Amino acid sequence: MRAPIIIIKKLPAAGMAIFPFILLKSERFKNDMEMINHEKIHLRQQLELLVFPFYIFYFFNYLINLFKYRNHNRAYRNIIFEKEAYDHETDLDYLRTGHWYGWIAKI
């Protein structure tokens with residue numbers, strides 16, 4: 001999967017996927033294949049949910065987790081979409097060999 005990469009120095013995170021783009025905080029992250037893979041996994045998740053519903057599910061999953069864990073970092077890391085992306089970011093073949101809708105197994 002190819003995705004245009006845009007550098008935004010004031011991005012609040014090191015990387016972010018907003019279909020169809022990968023946004024990075026710094027040019028140096030362009031060579032971080034694990035980060036790029038992580039963001040590409042998010043792009044596929046967005047496609048799986050026809051883009052806009054992904055953002056709704058992501059936001060509500062975060063809010064539920066925030067209520068549950070009372071901690072931003074734990075809430076973020078337990079978002080089902082983040083679990084799939086973090087679990088497979090080191091597997092650079094995941095997008096080719098992994099199952100679509102892999103995030104469902106993280107519920």
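This is a guided tour of a predicted model, going from its sheet to its helices, its salt bridges and a few unusual backbone spots.

**The sheet**

Begin by selecting the three strands, which form an open sheet in the order β1-β3-β2 with mixed pairing. Strands β1 (5–7) and β2 (15–18) stand at the edges, and because each has a single partner strand, one side of each is left without a neighbour in the sheet. If you look along the sheet, neighbouring strands are turned by 25° against each other on average, when direction is ignored. Strands of a sheet pair through backbone hydrogen bonds, either parallel or antiparallel.

Next, select β2 together with strand β3 (residues 21–24), which pair in the antiparallel sense over four bridges. Within this pairing, M16 has L23 in β3 as its bridge partner, while G15 is bridged to L24 of β3. Add β1 to the selection, and you will find three bridges joining it to β3, the two strands running parallel. Here I7 has L24 in β3 as its bridge partner. L24 is thus a useful residue to centre on, since it is the partner of I7 and also of G15.Now move to the link between β2 and β3, a hairpin that joins them through two residues. P20 is found in this loop between β2 and β3, and a cis peptide bond joins F19 and P20, with omega at about 5°. Most residues other than glycine have a negative phi, and most peptide bonds are trans.

**Helix α1 against the sheet**

Bring in helix α1 (residues 33–48), which packs on the sheet and touches β1, β2 and β3. The direction of α1 makes about 25° with that of β2.

Which residue forms a salt bridge with R44? Select E48 as well, and the closest N and O atoms of the pair are found 3.6 Å apart. R44 and E48 are four residues apart in helix α1, so they are separated by about one helical turn. Are these two side chains buried or exposed? R44 is buried, with a relative accessible area of 3%, and E48 is buried too, with a relative accessible area of 6%.

**Two loops with a positive phi**

Follow the chain into the loop between α1 and α2, where L50 has its place. L50 is not a glycine, and yet it has a positive phi of about 60°. With a relative accessibility of 70%, L50 counts as exposed.

A second spot of this kind is R70, in the loop between α2 and α3 (72–77). The phi of R70 is near 55°, a positive value in a residue other than glycine. R70 also counts as exposed, at 64% relative accessibility.

**Where α2 meets α4**

Select helix α2 (residues 52–69) and helix α4 (residues 80–88), whose axes lie 8 Å apart and which pack at an angle of about 100°. An angle from 65 to 115 degrees counts as roughly perpendicular, and α2 and α4 are therefore roughly perpendicular to each other.

To see the contact itself, show the side chains of F54, F57, Y58 and N61 in α2, which meet I80, F81 and E82 in α4. By class, this contact of α2 with α4 has five nonpolar residues, one polar residue and one charged residue.

**Salt bridges beyond α1**

The model has four salt bridges by count, among them the pair R44 and E48 already visited. For another, stay with helix α4 and select D87, whose side chain meets that of K106 in a salt bridge at 2.6 Å, N to O. K106 lies in the segment after α5 (94–97) and D87 in helix α4, so this pair ties together parts that are 19 residues apart in sequence. K106 is partly exposed, with a relative accessible area of 21%, and D87 is partly exposed as well, with a relative accessible area of 47%.

As a last stop, select R96 and D93, which form a salt bridge with their closest N and O atoms 3.4 Å apart. How exposed are these two residues? R96 counts as exposed at 63% relative accessibility, whereas D93, at 39%, counts as partly exposed.

Key
Residues numbered from 1 in each chain as written. Predicted model: local features only at pLDDT ≥ 70, side-chain atom pairs only at ≥ 80, totals over all residues. Heavy atoms only, no water. Axes fitted to C-alpha atoms, helices over the stretch in contact; angles between N-to-C directions. Parallel < 35°, antiparallel > 145°, perpendicular 65-115°, else oblique. Contact = heavy atoms within 4.5 Å. Nonpolar A, V, L, I, M, F, W, Y, C, P; charged D, E, K, R; others polar. Buried < 20%, exposed > 50% of the residue type's maximum accessible area, 1.4 Å probe, protein only. Pairing = 2+ DSSP bridges.
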